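Here is a short tour for a newcomer. Keep the sequence and the model side by side while reading.

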Amino acid sequence: MADRTYVNMFSGSPLNRLSWLRSSHPFLNAIIVSPKTQWLVFNSGQPLVLANTDLLHKQSLAFLNTKDVRPFLGPEPFFGQGKEEGELVVESPDVQHSPTEAARHRNPPVVFLGLQENSKTNALPSSEFVDPEAAIANLDGIPYFAMDVAELDLAPERLKEILDSTSPAQSGQVLSWSEPRVLMTGLDSFSGAVFAEARSLVDWNLRNKFCPGCGSPTYSMWGGWKLYCFSLLPWADNTGRKSCPTSKGLHNFTHPRTDPVVIMIAIDETGDKILLGRGKKFPGKFYSALAGFIEPGETFEDAVIREMWEEAGVIVWDVRYHSGQPWPYPANLMVGFFARADSTQPIRLDLDNELVDAQWYTRDEIRAVLSHPIGGRFGSAEYKKMAESTEGRNSQQGQSAPLQNSLHEAKVGDPPFRLPPVTAIAGVLIRDWVEGEIGFSNEISSNPSFRKGYL
């Protein structure tokens, strides 16, 4: 396999996230009001988009400025909010991990995504950027923020009034809320990566409203990157209550989570066939790579072996990493692999019953589908159907569902089956195999010792 760096859709984060400055509310309060600052706005996870006139990109993300979103933010200070409205907390330099570090316990959480640096800027964690005041003076670029307005519970007419007053609307552009998967077909690499970060973080802030340690409400810290328990605020009344377990030690649930999912194709020992599956809950002829969540106590390779066996009764070995893809629906990381398998052994679908079919396909069969005009292409309507049918289902189904649920009725001239687009890592894996970018040597691999554990 040739050396290659993969940057899939939603990958290649273009922002310097300046993580060491997230706890500084002087820094965040200064850059949030910068005239350069850009915003992504969501409504229950649906991004605000612009309706485009060109046929290629029917929608694009709407980037607003701080003046546009000011009605959503509430009173200043935006970060480092004190007990009383309008009060700014003054942090002691001797206190670490204070519960008021860039605290935002009023109004919806706001997420600082990072800085799109100008070419001459290199904002690494050096002396001139550790100090917030020096950082503000030296930064040269565009700060990006995101928020979800759902919990403001605004009346539709008020929300429309605010959006109609924004600079894009005032210039004649049409704003609307979009089903998030629809954007996959039209986003450029920069917007896709910023969108993935933004959507996962606003979703995490929107969903996690109560402390898992004691059940108290939570509030946002560190520019939306940490949640803290209300009982830990210096002015909280905890009379008769036990101290929250989160007051001591490190607790991963206070930080944004990413759920890893392995997604993989099996290549047979001749190198000329791959195994693809069709999900049981979705009718049609879409076939995709198999996938599943990592379980506790597993490596990625362990999960590939287990999932292949559970879903298709196929034993795999020689597990090789391909690439990763953030999958912000809501916060998954698709970790792509390919592995070796024996196509002469029977396929079993009766173990976890997630697939209605799984088949070995030759390179010529896959190539014929990919060369068909609709063999590996999705439209906006198809993504909307996929989203409707996958509500509440896991990430693996989120990858495979659009491949199956978006089918129109079969027509004369349609391909024998359909495949995922290149905006999904499943499509990248399949195309790379067809084009000879990934695979194994022609030498048949020997029986690995771990096989017997699955026989």
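The report below moves from the cores to single residues, then to a helix and the salt bridges.

## The cores

This model is predicted. Its largest nonpolar core has 61 residues. Those with the most contacts inside that core are F10, L113, I265, L276 and I366. Another core lies apart from it, with 30 residues. F78, F79, V110 and L163 are among the members of that other core. In soluble globular proteins, nonpolar side chains tend to be buried together.

Take L113 as an example. Setting aside neighbours within four places in sequence, L113 is in contact with L15, R17, Y144, F145, A146, V194, E197, A198 and L201.

## M9, in the opening segment

M9 sits in the segment before α1, the helix of residues 25-32. M9 counts as buried because its relative accessible area is 14%, below the 20% cut-off.

Which residues does M9 contact, leaving aside neighbours within four places in sequence? They are M184, L187, G192, Q325, P326 and T423. Look at P326 in that list. M9 and P326 are 317 residues apart along the chain, yet their C-alpha atoms are separated by 7.9 Å.

## R199, a buried charge

R199 is found in helix α7, residues 189-207. R199 is buried and has no salt bridge. The nearest side chain of opposite charge belongs to D203, 5.0 Å away. A salt bridge needs the two groups within 4 Å, so the pair of R199 and D203 does not count as one.

What does the side chain of R199 reach at 3.0 Å? The partner is the backbone oxygen of G45. Not counting residues up to four places away in sequence, R199 touches F42, G45, P180, P328, Y329 and P330.

## Helix α8

Helix α8 covers residues 300-312, 13 residues in total. From first C-alpha to last, α8 reaches 18 Å, close to the 18 Å expected at 1.5 Å a residue. The buried residues in α8 are A303, V304, I305, R306, E307, M308, E311 and A312. Just after α8 comes G313, with a positive phi of about 65 degrees.

## Salt bridges

The structure holds 15 salt bridges. Some form a network, which links E295, E298, R306, E307 and E310. R306 and E307 are also among the buried residues of α8.

Three pairs show the range of settings. R70 and E76 meet through their side chains at 3.9 Å, N to O. R70 is partly exposed at 32% relative accessible area, and E76 is partly exposed at 49%.

K160 and D164 meet at 2.7 Å, N to O. Both lie in helix α5, residues 156-164, and sit 4 residues apart, about one turn of the helix. K160 is exposed, at 52% relative accessible area, while D164 is partly exposed, at 36%.

D203 bridges to R207, with the closest N and O atoms 2.6 Å apart. These two residues lie in helix α7, again 4 residues apart. An α-helix has 3.6 residues a turn, so residues three or four places apart point the same way. Is D203 buried or exposed? D203 is buried, because its relative accessible area is 13%. R207, by contrast, is exposed at 58%.

Definitions and conventions. Residues are numbered from 1 along each chain as its sequence is written. This is a predicted model: local features need pLDDT of at least 70, side-chain atom pairs count only at pLDDT 80 or more; totals for chains, interfaces and linings use all residues. Side-chain values use heavy atoms; hydrogens and water are left out. A nonpolar core is a set of buried Ala, Val, Leu, Ile, Met, Phe, Trp, Tyr and Cys residues joined through side-chain atoms within 4.5 Å. Buried means under 20% relative accessible area, exposed over 50%, partly exposed in between (1.4 Å probe, protein chains only). Contact means heavy atoms within 4.5 Å. Lys and Arg count as positive and Asp and Glu as negative; His and the chain ends are not counted. A polar contact is a pair of N or O atoms within 3.5 Å; within protein, one must be able to donate a hydrogen and the other to accept it, and residues adjacent in sequence count only if both atoms are side-chain atoms. The expected span of a helix is 1.5 Å times one less than its number of residues.
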